[in-house]
Amino acid sequence: MAKTAQAKQYKLKKNRNLSSVVKRSIPGWLIILPSLALFVFIVWRPIAIGIRYSFFSLRGFEPVEFVGLKNFKDVLTDTNFIQTLQNTLQYVLWSMIIGFPLPFVCAVMMNEMVHMKGYFKITTYLPVVVPAIATSLIWKMVYMDGPGGLLNMVLYYFGVEPMQWLSNKNIAILLIIISTTWNGFGGTLILYLGALQGVNQELYEAARLDGAGFFGRICHVMIPHMRGMLLLMAIRQIIGIFNITEQPLAMTGGGPSGASMSLGLTNYFYAFKYGQYEKSLALGVIVFCILAILTYVYFKLDKRVNE
Amino acid sequence: MKFQKVITTGLTVVMLTAGLAGCGKKQGTADGKITISIGDWPDETQTETLETYNNLLEEFEKKYPNIKITPDTYRYDTKTFTMKASAKQLPTMYIAYFTELNKIIKAGHAADITDIMDSYGMTEAINPKLLDLVKDDGGRIYGIPTSAYAKGLAINKEMFREAGLVNEDGSIMIPDTYSEMAEYAGKVKEKTGKAGFVMCTTDNCGGWNFLNIAWSFGVEFMKQNSDGKWEATFDTENAVAALQFVKDLKWKYNALPDNSVIDQQESHKLFGTNQAAMTFEGPSDDYSRKYGMEVSNLLEARMPAGEYGRYAQMGGGIRMFAPDSTPEQIDACFKWLDFIGAGKEFDEVSVTNKEKNYQTILSEGGMVLDREAFPVWINEERVAKEREIAAKYTNIDPKDFESYYNFEDVILKPEEPVACQQLYSVLDGCIQAVITDEKADCKEVIKNACHDFQVNHLDKES
C-alpha cells in the first residue's frame, strides 16, 4: 500500500517535472519558431520536394507520373556526364593545389610580420567583398583573347605575342580557379591568421631554445596546432568548389566545347536553359548525396577540432 | 519573458501573413470589373514609351470602364518563365518567341484561344503561314503572332567602305554567297584590322546561327522514322563542309574576332561599335539604341546562298495568355489589342496609337522600318494603311533593305521540330571546338555531336 502511494507520488512528481520542463521550454520554442519556420519552408521543404520530384516526370513543376530511377538513369547515361564529373574533380584538384595552400602560406607570412600587418589584412580581405559574378567578369577581361585582353597587353609589353586563355581547353579550368582563389582566399587567410595567433608563444620559445629554426617551428609547433583547422578548411573548400557554377557560367559558359563544364553548371543548364527540371532535380540529388557524405566528414572533423 | 513571448508571437504572425500574402495571384473580377495584367509593359528606364503606354491605358479605361489593366513589366525569359507559370504569376497576356512555343504549349503554360480567335474573326484575318506556327498538333491556336522576320545578313556600311568593298556607283558590295561572304570578311580584317564577321558562339546562339549555314550546305539535322522515333541525321559530309566553312572563317580568312566566347549581347556590341563588319541578324535597332550606331550605317541583306540554296530561319514574337485566364479576361486583352492597333480592328484610334508608338521609337533612337517583312494580317487594305503610316515615320533608306526584302529565292524555315535548344547547344560546342583549335578535325567533331544529340536528347524525345 505504502509502495503504491510512493509510486503515485513519484509519478505525480515526474509529471510535474515534465510539465514544468515543457512550460519552461515554451518561450525557447517560440523564439526559435521563426527561424525554424524559415528553415522548414525555405530549406528543408524544397530539398524534400526536390528529392521526391526527382522520381517523377514533370509538366512544368507539376509531377505527372512516377518514373522511378529513369531521371537518374538519363543523367548518368548522358554522354557528357563522365567528362563533366572529371571536370568538376579537376576544379577541386586545382583548387586544392592553388587555393588551399596559398591562404595558409600568406597567413604564416603575415603572422611573422611586425609592420603593416593591418594594411595587408585589409587589402587581402578586400576581394572577398566583391561578388563572385563581378570577380568573374573582371577576370574574364583579364583573360580576354587577342591584343585587347589585359594579360595579353602585359605580355605584349614584354614582346610576347597574344595568347589564347579561356579559349584554351587545357587551361580554362585552371584560369577559373585562379580567379576564384583571388576572390575567396582572403576570408580563409583571416581564419588561419586568427588560429595562428592563438598558438601559445611559449611553445615557439621552447622550440627556439631547443634549436628549431623557422621551418622547424612551423613543422613541430604550428602545423600540429593547425592540423584540425587545415582539415576543416580542406573539406569546406572541396564542398564549395564541387558546387562551382556561376564562375564558369560567367567566364566560359562551360566552354570551349564543354571543357570547363561543371556538375553545378550542367544542373543550371538542365533547369534554366532546357527546362528539363526532372533531370536537374535528379542531378541535384546525386550531387546532394556526394556532398552529404563530405558534409558528414566535415562535421566529424569539426567536432574533432572543437574537442 | 512575457515581452519575449509577445515579440515571438508577433513575429510569427507577421511572417506567416507575409508568406501567405505572397502566394497565389489575384486575377479576375474586382468590384464588378474585369482585371487583366499586360506583360512587356515598358519600365521606368523607357521614359517616353512608358508615358505613351500610361496615356493609352488611361484612355482605354475611359472607353471600357468595366476593364481594369494592371501593367506588368515581365518580359519572357527562359530562366524565370516556368517558375512564374507554376506559381500562377504570369501576366494575363505576355509575349513569347517562336522558338519557345512548343515548350510552352507542351508544359500547359498557355491558354487555348481558338474559340475566341474565331469569334473575333482573327483566324481568317491572320496570315495563315504565321497562324500555322502558333497551332499545336491538333490544330488548336495558342497565340497571336505579333511580328515575324527572317534572318538576314547585317552589314556595317562604314566598315565596308573602309575596306573598299564598294561598287563603282558607290553602293555597298553585298556578298551573295557564303564564299563571297568569307572573302569579304577576310578583306575587312586585312584592310581595317577589325573582325570581318561576328557570330555568337555560346548560350545556344551559335547553334541557332549555324543552322542557316548548315541548311545552305544541304544538312538535314533530324528525321522522324515510321515508328515515331527521331533520328539525328547530320553526321554527313555536308555538315562537315558547313563546319569547315566556320573553321575557315577563323583560321583561313582570319575574319572572326579574337575573343572566342561571344554571346548575342557581345555580338551586338561588336557590330554596333564598328568592331565587326557583318553578322547574322534580322532587322534590329539594338545597335542604335544601345551602342549609338547610326541607323543609316546599317545595311540589311538577305542571307548568303550555299550550294544547296539560300536558307533563312524565321523568328518572331507571339502574344500568349496565362492558362488560368477566364474567357472574359482574354476578351478584355483582345479589346486592348484592338485599341492599340495590334488587333484585327484598325480604326482611327488604332492609327493614332500606332503613330504615337513610332514617334516614341524614334525619340528613343530606335529604327522604324518602312514595312513588315511578313505582314501578320492578310487584309490588303489594312496592310497598305500600315505601310503608309510606317513610310511616314521610317528612318531607314529603303535601298539599304532592298536585298533583305527580296525573298524571291530565299527558302524560309521554322525551328527544327524537336529538341531545338538542345541541338543549338550541341552545335555551340562544335563551333567552339573548331574556332579555338586550328587542328580540330571537323569530321570527328560532327560525328561526336550527332551521336551526343541522338543519345542525350532525341532518344529521350521518342
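## Overall dimensions of chain B

In this predicted model, chain B has a radius of gyration of 25 Å, which agrees with the value near 23 Å that a compact globule of 462 residues would have. The C-alpha trace of chain B spans about 75 × 55 × 55 Å along its principal axes, and 42% of the 462 residues of the chain count as buried.

The secondary structure of chain B consists of 19 helices and 12 strands. When contacts in chain B between residues at least 6 apart in sequence are considered, 75% of them join residues at least 24 apart.

## Overall dimensions of chain A

Chain A contains 13 helices and 2 strands. Its radius of gyration is 27 Å, whereas the globule rule gives 19 Å for 307 residues; chain A is therefore more spread out than a compact globule. Along the principal axes, the C-alpha trace of chain A spans about 105 × 70 × 30 Å.

Of the 307 residues of chain A, 29% count as buried. Among the contacts in chain A with a separation of 6 or more, 65% are accounted for by residues 24 or more positions apart.

## Domain organisation

Chain A is divided into domain 1, covering residues 2–53, and domain 2, covering residues 71–306. The centres of these two domains of chain A, taken over C-alpha atoms, are separated by 41 Å.

In chain B, each domain is assembled from two segments: domain 1 comprises 31–142 + 315–393, and domain 2 comprises 153–309 + 416–461. The C-alpha centres of the two domains of chain B lie 31 Å apart, and 7 residues of domain 1 of chain B are in contact with 7 residues of domain 2 of chain B. On the side of domain 1 of chain B that touches domain 2 of chain B, the residues divide into 2 nonpolar, 4 polar and 1 charged.

## The three-stranded sheet of chain B

An open sheet in chain B is formed by 3 strands in the order E9-E6-E10, with antiparallel pairing. Its edge strands are E9 (278–280) and E10 (298–301) of chain B, each of which pairs on one side only. Neighbouring strands of this sheet are turned by 25 degrees against each other on average, with direction ignored.

Strand E6 of chain B, residues 153–156, pairs with E9(B) in the antiparallel sense over 3 bridges, and within this pairing B:Ala154 stands opposite B:Thr279. E6(B) is also joined to E10(B), again antiparallel, by 4 bridges, and here the bridge partner of B:Leu153 is B:Ala301. E10(B) is covered on both faces, with B:Leu298 and B:Glu300 buried on one side and B:Leu299 and B:Ala301 buried on the other; B:Ala301 is thus both the bridge partner of B:Leu153 and one of the buried residues of this edge strand.

## Strand E5 of chain B and its partner

Strand E5 of chain B, residues 144–150, has 5 of its 7 residues buried, so this strand is largely enclosed by the rest of the structure. E5(B) runs antiparallel to strand E11 of chain B, residues 310–321, and 6 bridges join the two strands. In this pairing, B:Tyr149 has B:Gly315 in E11(B) as its bridge partner.

## Contact between chains A and B

The contact between the two chains takes 31 residues from chain A and 35 residues from chain B. On the side of chain A that touches chain B, helix H1 of chain A, residues 2–53, provides the largest share, with 6 residues. The residues on that side of chain A divide into 12 nonpolar, 13 polar and 6 charged.

## The surroundings of A:Ala132

A:Ala132 lies in helix H6 of chain A, which covers residues 132–142. With 17 other C-beta atoms within 10 Å, A:Ala132 is partly exposed, because a residue counts as buried at 20 or more such atoms and as exposed at 12 or fewer.

Leaving aside neighbours within four places in sequence, A:Ala132 is in contact with A:Asn183, A:Glu246 and A:Gln247. By contrast, A:Arg304 lies 172 residues from A:Ala132 along the chain, and the C-alpha atoms of the two residues are separated by 31 Å.

Key
Residues numbered from 1 in each chain as written. Chains lettered and ligands numbered in written order. Predicted model: local features only at pLDDT ≥ 70, side-chain atom pairs only at ≥ 80, totals over all residues. Pairing = 2+ DSSP bridges. Axes fitted to C-alpha atoms, helices over the stretch in contact; angles between N-to-C directions. Nonpolar A, V, L, I, M, F, W, Y, C, P; charged D, E, K, R; others polar. Domains from an automatic or database assignment. Rg over C-alpha atoms; globule rule 2.2 N^0.38 Å.
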